[in-house]
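Hi,

Here is the structure I said I would pass on. Have a look at it first, and then read on for what turned up.

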Amino acid sequence: MLWYCRFKWHQHTRADDVRRRVLEQHEQRTDVAGKIKGWYNLAGGGAGFILLESDDPQQVSEILQPYMDLISWDVHVVYELSYQKAIEEFRKQLQANA
């Protein structure tokens with residue numbers, strides 16, 4: 001499963017706090033790097049999202065919890081849609097419902 005994990009730094013959080021924590025977690029948990037499928041920051045800093053891949057919701061929590069004193073998380077399971085396949089399916093569904 002793919003997890004969309006939106007984050008926002010708490011008001012007291014400094015960039016060096018986040019840098020330090022990321023490095024600490026990287027050194028302690030070598031399995032995390034393979035779970036991160038994307039990491040995106042919003043322009044201006046202090047917010048963004050990561051995409052994690054895991055079939056275990058508990059593992060997702062274990063990855064995110066060490067940051068909760070610095071960052072708030074909003075987490076959702078997501079799935080990819082093929083645009084062309086979706087268009088074809090929408091046409092079929094509308095025709096069937098007409």
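To start with the pocket: what volume does the largest pocket have? It comes to about 510 Å³. Bear in mind throughout that this is a predicted model, so every value below is computed from predicted coordinates.

The lining of that largest pocket is made up of 25 residues. If you want to find the middle of it on your screen, go to Val22, Ile36, Trp39, Ile50 and Tyr67, which lie nearest the centre. Six elements each supply at least two lining residues: β1, α1 (15-28), β2 (36-41), β3 (47-53), α2 (57-64) and β4. Which of them gives the most? That is α1, with 7 residues. As for chemistry, the lining divides into 17 nonpolar, 6 polar and 2 charged residues.

Now the overall layout. The protein has 3 helices and 4 strands, and along the sequence they follow the pattern β-α-β-β-α-β-α. The radius of gyration is 18 Å, whereas a compact globule of 98 residues would be near 13 Å. Along the principal axes, the C-alpha atoms fill a box of roughly 55 × 30 × 20 Å. Of the 98 residues, 27% count as buried.

On to the strands, where β3 is a good place to begin. Two strands pair with β3: β1 does so in the antiparallel sense over 7 bridges, and β2 is also antiparallel to β3, over 5 bridges. Is β3 enclosed or open? It is largely enclosed by the rest of the structure, because 5 of its 7 residues are buried.

A few of the bridge partners are worth clicking on:

- Tryptophan 39 has isoleucine 50 in β3 as its bridge partner; both residues are also among those nearest the centre of the largest pocket.
- Glycine 38 stands opposite leucine 51 in β3.
- Arginine 6 is partnered by phenylalanine 49 in β3.

β2 and β3 also form a hairpin, with 5 residues between them. In the turn of that hairpin, glycine 44 has a positive phi of about 100 degrees.

Next, the aromatics. How many aromatic pairs are there? The count comes to 4. Take phenylalanine 7 and tryptophan 73: their ring centres are 5.8 Å apart and their planes stand at 70 degrees, which is over the 60-degree cut-off, so this pair is edge-to-face. The two residues come from distant parts of the chain, 66 residues apart, with phenylalanine 7 in strand β1 (residues 2-9) and tryptophan 73 in strand β4 (residues 71-78). Phenylalanine 7 is at 7% relative accessibility, and therefore counts as buried.

Tyrosine 40 and phenylalanine 49 make a pair of another kind: it is stacked, with 4.8 Å from centre to centre and 25 degrees between the planes. Are these two residues buried or partly exposed? Tyrosine 40 is partly exposed, at 41% relative accessibility, and phenylalanine 49 is partly exposed at 23%. The cut-off for buried is under 20%, so phenylalanine 49 does not make it into that class. Ring pairs also bring in Tyr4, which joins Tyr40 and Phe49 in a cluster.

Finally, two residues away from those ring pairs, in case you want some landmarks.

Glutamine 11 is in the loop between β1 and α1. Its relative accessibility is 84%, so it counts as exposed. From its C-alpha atom to that of tyrosine 40 the separation is 20 Å, with their positions 29 residues apart along the chain.

Aspartate 74 is in strand β4, and with a relative accessible area of 26% it is partly exposed. Aspartate 74 and alanine 33 are 41 residues apart in sequence, and their C-alpha atoms are 20 Å apart in space.

If you only have a minute with the model, I would open the pocket view and look at Trp39 and Ile50, then turn to the stacked rings of tyrosine 40 and phenylalanine 49.

Cheers

How values were computed:
Residues are numbered from 1 along each chain as its sequence is written. This is a predicted model: local features need pLDDT of at least 70, side-chain atom pairs count only at pLDDT 80 or more; totals for chains, interfaces and linings use all residues. Side-chain values use heavy atoms; hydrogens and water are left out. Rings of Phe, Tyr and Trp (its six-membered ring) pair if their centres lie within 6.5 Å; planes under 30 degrees apart count as stacked, over 60 as edge-to-face and the rest as tilted. Buried means under 20% relative accessible area, exposed over 50%, partly exposed in between (1.4 Å probe, protein chains only). On a 1 Å grid over the protein atoms alone, a cavity is a set of points where a 1.4 Å probe fits but cannot get out, and a pocket is an open set with protein on both sides within 12 Å along at least five of seven lines; lining residues have an atom within 4 Å of a point. Grid points are joined across faces, edges and corners, and a volume is the space filled by probe spheres set on the points. Ala, Val, Leu, Ile, Met, Phe, Trp, Tyr, Cys and Pro count as nonpolar, Asp, Glu, Lys and Arg as charged, and the others, Gly among them, as polar. Two strands pair if DSSP finds at least two bridges between them. The radius of gyration is taken over C-alpha atoms; the globule rule is 2.2 Å times the number of residues to the power 0.38.
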